[in-house]
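Please open the model in your viewer and keep the selection tool handy. We will walk through it one stop at a time.

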Amino acid sequence: MQSLSNRKKVLEQKPMNFWERIYLPAIFQGLSITIKHFFKRIPTVRYPEVKRPYSKNFRGQHSLKRDEQGRERCTACGLCALSCPAEAISMISAERQKGEEHLYREEKYAAVYEINMLRCIFCGLCEEACPKEAIYLDGEHVTADYLRKDFIYGKDKLVEPRFDFVKEGETTT
Amino acid sequence: MELAFVIEKFVLVTIVFVISLVVAMYSTLAERKVAGFMQDRFGPDRAGPFGILQPLCDGGKFFFKEEIIPAGAHKPLFILGPTIAIITACIGSAVIPWGQSLTIGDRIIELQVTDINVGVLYIFGVVALGVYGIMLGGWASNNKFSLMGAVRAASQSISYELAMGLSLIALLMVTQSLSLREIVAQQSGFVNWNIWVQPLGFLIFLVCAFAECNRVPFDLPECETELIGGYNVEYSSMKLGLYMFSEYINMFVSSALMSALYFGGYNFPFMYDLGLSQNWITIIGVIVFFVKIFAFIFFFMWIRWTLPRFRYDQLMNLGWKMLIPLAIANIVLTGVITIIKDTFF
């Protein structure tokens with residue numbers, strides 16, 4: 001059949017000639033290839049001592065962000081859960097009470113926010129959907145565990161720790 | 001005098017034994033290292049610096065593994081198999097001349113366990129015995145795969161011993177002696193090495209040595225893909241360890257044999273022109289000999305990580321249809337050249 005792509009190569013099986021039949025030239029060729037590799041630079045990264053940095057757009061564990069004053073940004077709108085193709089996110093919203101203004105930025109917040117890490121495919125769509133810039137997949141690996149229930153990460157694991165932020169009333173330099 | 005002789009030989013035997021065990025031990029590490037480097041990785045480097053404790057860990061592990069003797073196995077032969085393999089591997093090194101003589105006080109110590117005048121034949125006999133270890137082990141395990149491996153080992157070593165013997169006959173026609181000490185002594189300097197007069201014979205011997213050691217590309221008795229491990233499928237614990245060990249000792253001994261027969265053994269270029277005393281020549285000679293041996297061992301590994309395994313019919317074709325006719329042609333050629341040389345020069 002005629003080749004349409006013009007890239008077809010017809011493989012010819014000729015009987016071996018004398019040099020091919022005595023094996024030796026081919027063996028020396030092979031030996032020279034392996035010895036070249038023997039002196040090549042080895043690309044191995046010795047892991048526990050040397051750690052390779054993650055790429056900039058690596059998507060790891062989610063974190064729920066806080067704003068400049070340390071308040072949770074999430075307003076429990078549910079867009080992340082809606083956009084999630086794996087349906088890994090679920091939440092229960094609650095209304096912000098008086099006196100909780102320093103904890104939650106909006107009037108509504110997520111009282112429970114759970115991501116099932118076994119379902120999550122780390123596609124980053126929740127990150128894109130979020131109108132409040134509240135969720136980012138900027139963490140490390142999600143590590144292995146023994147029980148399925150331990151893979152459902154709640155707010156205790158997801159929300160950014162508070163101590164990174166300047167206290168209220170203090171001014172940043 | 002008699003006691004001193006016994007002590008001398010005893011010490012020598014012990015040293016040779018220990019050296020061949022240590023070399024075999026570290027060959028396992030070297031093999032994995034060489035494999036690693038040839039495949040662009042490091043190989044084992046976690047146990048100690050550069051992984052030098054790895055063989056100890058492996059050995060220790062072997063000792064602590066559970067020892068299983070299958071219910072259907074022939075128990076005495078099952079135990080005898082690895083025993084024969086390791087013993088024949090170890091006694092082969094007895095006739096190899098490790099160096100010239102050392103003079104300590106008024107005693108002259110020959111660095112060779114024993115110089116029997118049929119040294120080459122002795123080595124041949126021992127190598128031929130080696131296959132019994134594999135055969136007994138393979139048969140006694142009462143397993144199809146191991147029996148298949150044993151059968152392959154037997155036919156392979158018979159086929160290749162022929163070509164090996166024939167290639168050696170040509171060498172012996174040149175050296176006119178069967179004593180290894182004599183053969184090595186004849187090759188003093190560099191131009192007298194037997195490789196220059198017997199290049200074809202060396203090539204045949206080399207190929208056959210690979211086959212005799214069951215090394216890749218002739219490792220049909222233990223090919224993993226077809227026989228899931230070959231003759232040693234049923235072996236576990238230190239018995240398996242002994243089999244592997246004997247393979248590496250065989251490799252060491254045949255490397256030593258090849259460098260003694262064809263590459264001048266302990267001889268090195270300009271050995272008598274440097275004005276060194278006899279003891280120094282001997283010591284450097286021993287070092288040179290070991291460098292040659294290690295070069296051969298490296299070559300064994302280099303080949304292993306380069307070539308794929310032969311198919312069984314290819315192996316037999318190569319042995320019977322190529323190597324044996326070549327070896328016979330080599331004998332004829334050597335004879336003709338010797339006669340021409342004797343008559344006209």
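Two residues are in contact when their C-beta atoms, placed from the backbone, lie within 7 Å. Keep that cut-off in mind for the tour, and remember that this is a predicted model.

**Stop 1: where the chains meet**

Show chains A and B together. How many residues of chain A are in contact with chain B? Eleven residues of chain A touch ten residues of chain B. On the chain A side, the touching residues comprise six nonpolar, four polar and one charged.

**Stop 2: chain A by itself**

Now hide chain B and colour chain A by secondary structure. You should find five helices and five strands, arranged along the sequence as α-α-β-α-β-β-α-β-β-α. The radius of gyration of chain A is 29 Å, well over the 16 Å that the globule rule gives for 173 residues, so chain A is more spread out than a compact globule. Turn the chain to look along its principal axes: the C-alpha trace spans about 95 × 45 × 40 Å. Of the 173 residues in chain A, 14% count as buried. If you draw the contacts in chain A between residues at least 6 apart in sequence, 72% of them join residues at least 24 apart.

**Stop 3: a loop residue in chain A**

Select E133(A), in the loop between α4 (125–129) and β4 (135–136) of chain A. Its phi is positive, about 50°, although E133(A) is not a glycine. Is this residue buried or exposed? E133(A) is exposed, because 11 other C-beta atoms lie within 10 Å and 12 or fewer counts as exposed.

**Stop 4: another positive phi, in chain B**

Bring chain B back and pick N214(B), which sits in the loop between α8 and α9 (224–227) of chain B. N214(B) is not a glycine either, yet has a positive phi of about 55°. With 26 other C-beta atoms within 10 Å, N214(B) is buried.

**Stop 5: α8 against α12**

Stay in chain B and select helix α8 (residues 199–212) together with helix α12 (residues 312–344). The two pack at an angle of about 150°, with axes 10 Å apart. Angles over 145 degrees count as roughly antiparallel, and α8(B) and α12(B) are therefore roughly antiparallel to each other. The crossing of α8(B) past α12(B) is left-handed. To see the contact, show L200(B), G201(B), I204(B), V207(B) and C208(B) from α8(B), with L323(B), L326(B), A327(B) and N330(B) from α12(B). Seven of these contact residues are nonpolar, two are polar and none is charged.

**Stop 6: α10 against α11**

Next, select helix α10 (residues 237–261) and helix α11 (residues 278–304) of chain B. Their packing angle is about 120° and their axes are 8 Å apart, so α10(B) and α11(B) are oblique to each other. Here α10(B) passes α11(B) in a right-handed crossing. Display the side chains where they meet: among them are M251(B), F252(B) and S255(B) in α10(B), and F289(B), K292(B) and I293(B) in α11(B). The contact residues divide into nine nonpolar, two polar and one charged.

**Stop 7: F62(B)**

Finish at F62(B), in helix α2 (residues 54–64) of chain B. This residue is partly exposed, with 18 other C-beta atoms within 10 Å. Setting aside neighbours within four places in sequence, F62(B) is in contact with S237(B), M238(B) and G241(B). For a last distance to draw, try F62(B) to W98(B): they are 36 residues apart in sequence and 31 Å apart, C-alpha to C-alpha.

Conventions. Residues numbered from 1 in each chain as written. Chains lettered and ligands numbered in written order. Predicted model: local features only at pLDDT ≥ 70, side-chain atom pairs only at ≥ 80, totals over all residues. Axes fitted to C-alpha atoms, helices over the stretch in contact; angles between N-to-C directions. Helix = DSSP H or I, 4+ residues; strand = E, 2+ residues; numbered from the N terminus. Parallel < 35°, antiparallel > 145°, perpendicular 65-115°, else oblique. Left-handed = near helix turned anticlockwise from the far one by under 90°. Nonpolar A, V, L, I, M, F, W, Y, C, P; charged D, E, K, R; others polar. Rg over C-alpha atoms; globule rule 2.2 N^0.38 Å. Buried ≥ 20, exposed ≤ 12 C-beta atoms within 10 Å, placed from the backbone.
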